[in-house]
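Subject: Structure handover

Hello,

Here is the structure we spoke about. Please have a look at it alongside the notes that follow.

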Amino acid sequence: MAIQRRGSTFHLRKRVPRRYKAIESRVTIWISLHTDSESVAVQKAPAAWQHHIEAWEARLAGDTADAEKRFAAARELAAVRGHRYLPAARVADLPRDELLDRVESITKRAGGPDQIEAAALLGGAVEPQITVNRALDLYWQLAADRCIGKSDDQLRR
């Protein structure tokens with residue numbers, strides 16, 4: 001990890017791994033460590049890098065076609081960015097400073113706003129409806145305690 005001083009603040013400078021080239025347009029990223037102390041920067045660097053990796057993983061998961069996985073990825077990405085996922089109607093009702101904080105965290109990127117991040121932070125990811133096939137799977141998860149000790153024939157009935 002290359003920790004370098006830019007002005008009075010230390011930054012972490014790393015190349016973007018190949019795995020994330022599809023979702024990250026930059027070749028090299030600079031992550032501010034928000035400190036002017038080199039010893040604190042060295043301590044903060046691994047956590048900052050891990051935080052970035054988690055965000056990229058969430059964005060990769062958001063590229064799937066499965067609606068439930070996309071929604072779960074949007075919730076995870078919002079959490080990684082330090083916010084709780086809210087539907088768009090509830091995001092619109094947030095206090096102005098909290099709403100602006102969400103918008104600014106999307107537009108901080110050098111390449112401009114990202115649609116996946118915008119959907120996660122501004123509530124654009126729609127919660128999928130339960131299909132008939134999925135309803136049975138959800139039922140068995142909820143009724144697992146009622147099935148303990150029953151034979152296959154009892155479960156079939």
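Two rings of Phe, Tyr or Trp, the latter taken by its six-membered ring, are counted as a pair if their centres lie within 6.5 Å. By this rule there are 4 aromatic pairs. One of them joins Tyr139 and Trp140: the ring centres are 5.3 Å apart and the planes stand at 65°, so the pair is edge-to-face, given that an angle over 60 degrees is the cut-off for that class. Neither residue is classed as buried: Tyr139 is partly exposed at 43% relative accessible area, and Trp140 is partly exposed at 37%. Please keep in mind throughout that the model is predicted.

Ring pairs also link Tyr20, Trp49 and Trp56 into a cluster. Trp49 has a charge over its ring as well: the charged end of Lys14 sits there, 4.6 Å from the ring centre. A second arrangement of this kind involves Arg6, whose charged end is placed over the ring of Trp30 at 4.1 Å from the centre.

The three residues of the ring cluster, Tyr20, Trp49 and Trp56, turn up again in the largest nonpolar core. That core has 14 residues, and those touching the most other members are Leu12, Tyr20, Ile29, Ile31, Leu33, Trp49 and Trp56. Two or more residues come from each of β2 (9-15), β3 (28-32) and α1, with α1 giving the largest share, 6 residues. Leaving aside residues up to four places away in sequence, Ile31 touches His11, Leu12, Ala48, Trp49 and His52. Another core lies apart from this one; it has 12 residues, including Leu77, Val80, Ala120 and Ala125. As background, nonpolar side chains in soluble globular proteins tend to be buried together.

Helix α1 itself covers residues 38-61. At 1.5 Å a residue its 24 residues should span 34 Å, and the C-alpha atoms at its ends are 35 Å apart, which agrees. There is nevertheless a kink of about 35° at Lys44, shortly before the proline Pro46. The buried residues of α1 are Ala41, Ala45, Ala48, Trp49, His52, Ile53, Ala55, Trp56, Ala58 and Arg59.

Where does the chain have a positive phi at a residue that is not a glycine? His34 is such a residue, with a phi of about 55°. His34 belongs to the loop between β3 and α1 and counts as exposed, because its relative accessibility is 64% and the cut-off is 50%. For context, most residues other than glycine have a negative phi.

Two separations may be of use when you go through the model. Arg70, in helix α2 (residues 67-80), is 56 residues from Val126 in sequence, yet their C-alpha atoms are 9.0 Å apart. Arg70 is partly exposed, at 38% relative accessibility. Glu117, in helix α5 (residues 115-122), is 28 residues from Asp145 in sequence, while their C-alpha atoms are 38 Å apart. Glu117 is buried, with a relative accessible area of 1%.

Regards

Technical notes:
Residues are numbered from 1 along each chain as its sequence is written. This is a predicted model: local features need pLDDT of at least 70, side-chain atom pairs count only at pLDDT 80 or more; totals for chains, interfaces and linings use all residues. Side-chain values use heavy atoms; hydrogens and water are left out. Helices (H or I, at least four residues) and strands (E, at least two) are DSSP runs, numbered from the N terminus. The expected span of a helix is 1.5 Å times one less than its number of residues. The bend at a residue is the angle between axes fitted to the seven residues ending there and the seven starting there. Buried means under 20% relative accessible area, exposed over 50%, partly exposed in between (1.4 Å probe, protein chains only). Rings of Phe, Tyr and Trp (its six-membered ring) pair if their centres lie within 6.5 Å; planes under 30 degrees apart count as stacked, over 60 as edge-to-face and the rest as tilted. A charge sits over a ring if NZ of Lys or CZ of Arg is within 6 Å of the ring centre and within 35 degrees of the ring normal. A nonpolar core is a set of buried Ala, Val, Leu, Ile, Met, Phe, Trp, Tyr and Cys residues joined through side-chain atoms within 4.5 Å. Contact means heavy atoms within 4.5 Å.
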